[in-house]
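Here is a short round of questions about how labels get attached to parts of a structure. Have the coordinates open and follow along.

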Amino acid sequence: MSKSADLLPGTLDLLILKSVSLGKLHGYAVLLRIEQITDGALQIQQGALYPALYRLESQGLIDSEWGTSENNRRAKFYRLTPAGRQRLKEEASSWNRLADAMSAALRATAEGL
Amino acid sequence: MRGLLSRVRVFWRGLADPGRLDADMDDEMRFHIEMETQRIMRVTGVDVGEARRQAALAFGGIEKYRGAARDVLGFTRIRGLSLDLRLGVRMLRRSPGLTLVAVFALALAIGSGVAYLEFVNDLLHGRLPFPQADRIVGIQNWDQQTGQPESRSTADFVGWRGSLHSFDSLGAYRALDRNLITPDGRAEPVRGVEVSAAAFHIAQLPPLLGRTLELTPTRTRRGAGRRSAPRCGPATKRWSVGWRQSPESSRSPTRRACRA
């Protein structure tokens, strides 16, 4: 496993949107899904997930309903709304542009300028 | 719109039953810690007590994040306000005499404040001597850099007239100085205003002499400018003092003076 990195501000919301875009998940499963899709490379304070989930729900980007978990416990499940899907698309595009720009900047050499 | 509805729905749910919201948050976070406890036990093989301790540590404190979630949803401020209101009402009910004095003092202060402001406003600005004068407002552009009023062209006025739909009517005026030739041959400078046709419609007053300008855009027709040429007359005070309010005394000399 690679060394964990701190999460950049604003990226937790994007990671949550991406996770729930892959299927309906309860809060704990969102955490596992983030660990899975980032290969455990990002360090997330687990409790910080919940204020972010409530914020996204209040913004109408995700929706929730109570259901039963895989071990028959009462759990709250989240799913992406159409507005959330649109936001995810915009944020992913913006993030990719930034990542490309940073990557290009860091590859630059004196000879290549 | 959907985001706003969702926000209102979540907010209303929490406001209507705050105990339920807290209980739901509590259930959700305890479920998370319980699941993490089981995972730690599976992966590391430690006993349930140690696994629960590690899971709680990794979570970071239920109360802390429940508070953060309430803040996100805006309930902390609402609850603080609600507590202040409840305490205030309780204190006022405990001392009815103080409540009466406070209400009376507030009513007196607010009433006298409003009356004073109305008086000062009337004193400073006065009222226009027209029917429904309180419905007439002035529009003045102001240059913020120089601190001076800024004149606008007729084209601006025409543009405003076409786009401002919250006004019944829109008129324009500008001050001007002219030499006035009186019937006895004297000439003296007077200050007057040129107004657009709508000014008479806004003032809702009949002219003392002549007729008002027409609102229809007749000036665009060939030759119509002569038929609907702006009329003007002296101000009431000047007319009373200089010509003794005689229609005969203010005909041609006045018109010539205005066109000068």
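Q: Where is Thr212(B) found?
A: In this predicted model, Thr212(B) sits in the loop between α8 (198–203) and α9 (224–227) of chain B.

Q: Why is Thr212(B) called partly exposed?
A: The relative accessible area of Thr212(B) is 27%. Buried means under 20% and exposed means over 50%, so with 27% Thr212(B) falls in between and is partly exposed.

Q: What makes Phe200(B) and Pro207(B) contacts of Thr212(B)?
A: A contact needs heavy atoms within 4.5 Å. Phe200(B) and Pro207(B) meet that rule with Thr212(B), once neighbours within four places in sequence are left aside. As a separate value, the C-alpha atoms of Thr212(B) and Ala198(B) are 9.5 Å apart, with the two positions 14 residues apart in sequence numbering.

Q: How confident is the predictor in chain B, and where is the pLDDT below 50?
A: The average pLDDT of chain B is 77, and 75% of the residues score at least 70. Over residues 218–232 of chain B the pLDDT is below 50, and this stretch has 14 contacts in the model beyond near neighbours in sequence. Residues 240–245 of chain B also stay under 50, with 11 contacts beyond four places in sequence. For the model as a whole, the scores are ipTM 0.84 and pTM 0.50.

Q: Why does Ser64(A) count as buried?
A: Ser64(A) has 15% relative accessibility. The cut-off for buried is under 20%, so Ser64(A) qualifies at 15%. Ser64(A) belongs to strand β4 (residues 62–68) of chain A, and touches Glu57(A), Lys76(A), Phe77(A) and Tyr78(A), not counting residues up to four places away in sequence.

Q: How do you know that the side chains of Ser64(A) and Glu57(A) are in polar contact?
A: The distance between them is 2.6 Å, and the limit for a polar contact is within 3.5 Å. The pair therefore passes on distance.

Q: What makes helix α3 of chain A mostly covered?
A: In this helix, residues 49–58, 9 of its 10 residues are buried. Among them are Leu49(A), Tyr50(A), Leu53(A) and Glu57(A). After α3(A) comes Gly60(A), with a positive phi near 80°.

Q: What is the order of elements in chain A?
A: From the N terminus on, the elements run β-α-β-α-β-α-β-β-α, with 4 helices and 5 strands in chain A. Buried residues make up 40% of the 113 residues in chain A.

Q: Why is the pair Arg74(A) and Asp24(B) called a salt bridge, and what does it join?
A: The N to O distance is 3.5 Å, and the rule asks for a side-chain nitrogen of Lys or Arg within 4 Å of a carboxyl oxygen of Asp or Glu. The pair therefore fits the rule. Arg74(A) lies in strand β5 (residues 74–80) of chain A and Asp24(B) in helix α2 of chain B, so the pair joins two chains. Arg74(A) is partly exposed at 38%, whereas Asp24(B) is buried at 15%.

Q: How many salt bridges are there between chain B and chain A?
A: The count is 3. One salt bridge links Glu35(A) with Arg39(B), with the closest N and O atoms 3.5 Å apart.

Q: Which helix of chain B gives the most to the side that touches chain A?
A: That is α2(B), with 13 residues. By class, this side of chain B has 13 nonpolar, 5 polar and 11 charged residues.

Q: How much area do chain B and chain A bury between them?
A: About 2500 Å², with 55% of it on carbon and sulfur atoms. Of the area that chain B buries against chain A, 27% comes from Glu28(B), Phe31(B) and His32(B), more than from any other three residues.

Q: What makes Arg53(B) and Glu50(B) a salt bridge?
A: Their closest N and O atoms are 3.0 Å apart, and the limit is within 4 Å, so the pair qualifies. Both residues lie in helix α3 of chain B, 3 residues apart, about one turn of the helix.

Methods. Residues numbered from 1 in each chain as written. Chains lettered and ligands numbered in written order. Heavy atoms only, no water. Buried area = accessible area lost by both parts, 1.4 Å probe. Nonpolar A, V, L, I, M, F, W, Y, C, P; charged D, E, K, R; others polar. pLDDT = per-residue confidence, 0-100. Buried < 20%, exposed > 50% of the residue type's maximum accessible area, 1.4 Å probe, protein only. Polar contact = N/O pair within 3.5 Å; in protein donor to acceptor, adjacent residues only side chain to side chain.
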